[in-house]
Amino acid sequence: MPLPASLVDTLELPVVGSPLFIVSGPELVIAQCKAGVVGSFPALNARPVEKLGEWLTRIENELGEYKALHPEKKVAPYAVNQICHASNDRLMQDMETCVKHKVPIIITSLRPPQEIVEAAHSYGGVVFHDVINVKHARKAAEQGVDGLILVCAGAGGHAGTLSPFALLREVKQWFKGTILLSGAISDGASIASALALGADLAYIGTRFIATEEANADLAYKKALTEHAAHDIVYSNLFTGVHGNYLGPSIVAAGLDPDNLPVADKTKMNFGSGGNMKVKAWRDIWGSGQGIGQIADAPPVAELVQRLKAEFDEAGVDFVKRARA
């Protein structure tokens, strides 16, 4: 599938930085886009609601200035994530702001409302929707989304349990739009693997939490460098939706990660991170299983350069093995 026009010749790497609740702000998004990967943030991160327009103006202005000063650089477009759930009473107001600013990419979560798709298409924007199974993928495709984000086993935050070898290959049989793959992608070799499997773009979240520009607690960033896949806990307790979290943060909140109860979904508020005294994202830290590859928290520009070198090396190695 050809990439959307906004992504042609604007990427240093075939990567979209996933929207991270609390963590993604203008600083991270701008740094990602300047480095040549799509930067994104949840609209709900901009609080109060009036902040969203201010953030979008800042992102557009700083990226515009950077492009003018560095015409030789590939500068990626940005994306805004809309949480499409009844608990998000800002949704349509936030979408109106996005339409006004002609946000290049809208990422929708939880359900793919046709009105959001139509609003984005009205000015030439594209919509990518995240899904965890084929049933949800088909529903999103019926709503006219331009791309599907396949959130597979091992992805940070809300995630599914299917192997990318299963979900991506099934969806690839019938979906002709852009396919993004998410799940434990933390280095350049993993990006190359995603493309080899048939994805158009890799969707990376946790690795960008451990960067200088991310709005995450220093202890959070440090924890990502000190733990590995076996420290990740899959639970629906904190938001009502199953997700992957960093076990030590659960322990720090006074809970036993090996004996977590099942959440009562009828009492959960997806937008605010649950109804407990401890909050997902603030107290309970989301994390994918790919943290074993994280050893530091560099500036985004340095990280993307490193990922690109690893990606290029993986491609060369693949060709060598194929010819051997």
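The paragraphs below walk through a predicted model, moving from an enclosed strand to helices, aromatic rings and a few unusual backbone positions.

A good place to begin is strand β8, which spans residues 178–182. Five of its five residues are buried, so the strand is largely enclosed by the rest of the structure. In a regular strand the side chains alternate between the two faces of the sheet, and for β8 both faces turn out to be covered. T178, L180 and S182 are buried on one side, while I179 and L181 are buried on the other. Strands of a sheet pair through backbone hydrogen bonds, either parallel or antiparallel. Strand β6, made of residues 147–151, pairs with β8 in the parallel sense over five bridges, and within this pairing L150 stands opposite L181 of β8. Strand β9, residues 201–204, is also joined to β8, here by three bridges, and these two strands run parallel as well. L181 appears again in this second pairing, where it stands opposite A202 in β9. To get from β8 to β9 the chain passes through helix α7, residues 188–197, and the resulting β-α-β crossover is right-handed.

A separate open sheet has three strands in the order β7-β11-β10, with antiparallel pairing. Its edge strands are β7 (157–158) and β10 (232–235), each of which pairs on one side only. Strand β11, residues 243–246, is joined to β10 by four bridges, and the two run antiparallel; in that pairing, Y234 has N244 of β11 as its bridge partner.

The helices can be approached through α4, which covers residues 114–121 and whose buried residues are I116, V117, A119 and A120. Seen down the axis of α4, these buried residues fall within an arc of 165°, so they line one face of the helix. Such an arrangement can be read against the geometry of helices in general: an α-helix has 3.6 residues a turn, so residues three or four places apart point the same way. The elements that cover the buried residues of α4 include helix α3 together with strands β4 (105–109) and β5 (126–131). Helix α3 itself, residues 91–101, contains D94. This aspartate is buried, with a relative accessible area of 0%, and, leaving aside residues up to four places away in sequence, D94 touches A43, V49, L52 and Q82.

Aromatic side chains form another theme, for the structure holds five aromatic pairs. One of them joins W174 and F175 in an edge-to-face arrangement, with 6.0 Å from centre to centre and 75° between the planes. W174 counts as partly exposed because its relative accessibility is 22%, whereas F175 is buried, at a relative accessible area of 9%. The pair formed by Y220 and W285 is stacked, because the ring centres are 4.7 Å apart and the planes lie at 10°. Y220 belongs to helix α9 (residues 218–226) and W285 to the loop between α10 (247–252) and α11 (300–323), so this pair ties together parts that are 65 residues apart in sequence. Both Y220 and W285 are buried. Elsewhere, F238, Y245 and W281 form one aromatic cluster. The ring of W174 has a further partner, since the charged end of R138 sits over this ring, 4.3 Å from its centre.

The last stop is the backbone. Most residues other than glycine have a negative phi, and most peptide bonds are trans. Against that background, the peptide bond from R47 to P48 is cis, with omega near 0°, and P48 is placed in the loop between β2 (39–42) and α2 (51–69). I22 has a positive phi of about 75° although it is not a glycine; this residue lies in the loop between β1 (15–17) and α1 (26–35) and, at 34% relative accessibility, counts as partly exposed. K102, which is not a glycine either, has a positive phi of about 50°. The loop between α3 and β4 holds K102, and this lysine is exposed, with a relative accessible area of 56%.

Definitions and conventions
Residues are numbered from 1 along each chain as its sequence is written. This is a predicted model: local features need pLDDT of at least 70, side-chain atom pairs count only at pLDDT 80 or more; totals for chains, interfaces and linings use all residues. Side-chain values use heavy atoms; hydrogens and water are left out. Buried means under 20% relative accessible area, exposed over 50%, partly exposed in between (1.4 Å probe, protein chains only). Contact means heavy atoms within 4.5 Å. Two strands pair if DSSP finds at least two bridges between them. A crossover is right-handed if, with the strands pointing away from the viewer, the path from the first strand over the helix to the second runs clockwise. Rings of Phe, Tyr and Trp (its six-membered ring) pair if their centres lie within 6.5 Å; planes under 30 degrees apart count as stacked, over 60 as edge-to-face and the rest as tilted. A charge sits over a ring if NZ of Lys or CZ of Arg is within 6 Å of the ring centre and within 35 degrees of the ring normal. The arc is that of the directions from the helix axis to the C-beta atoms.
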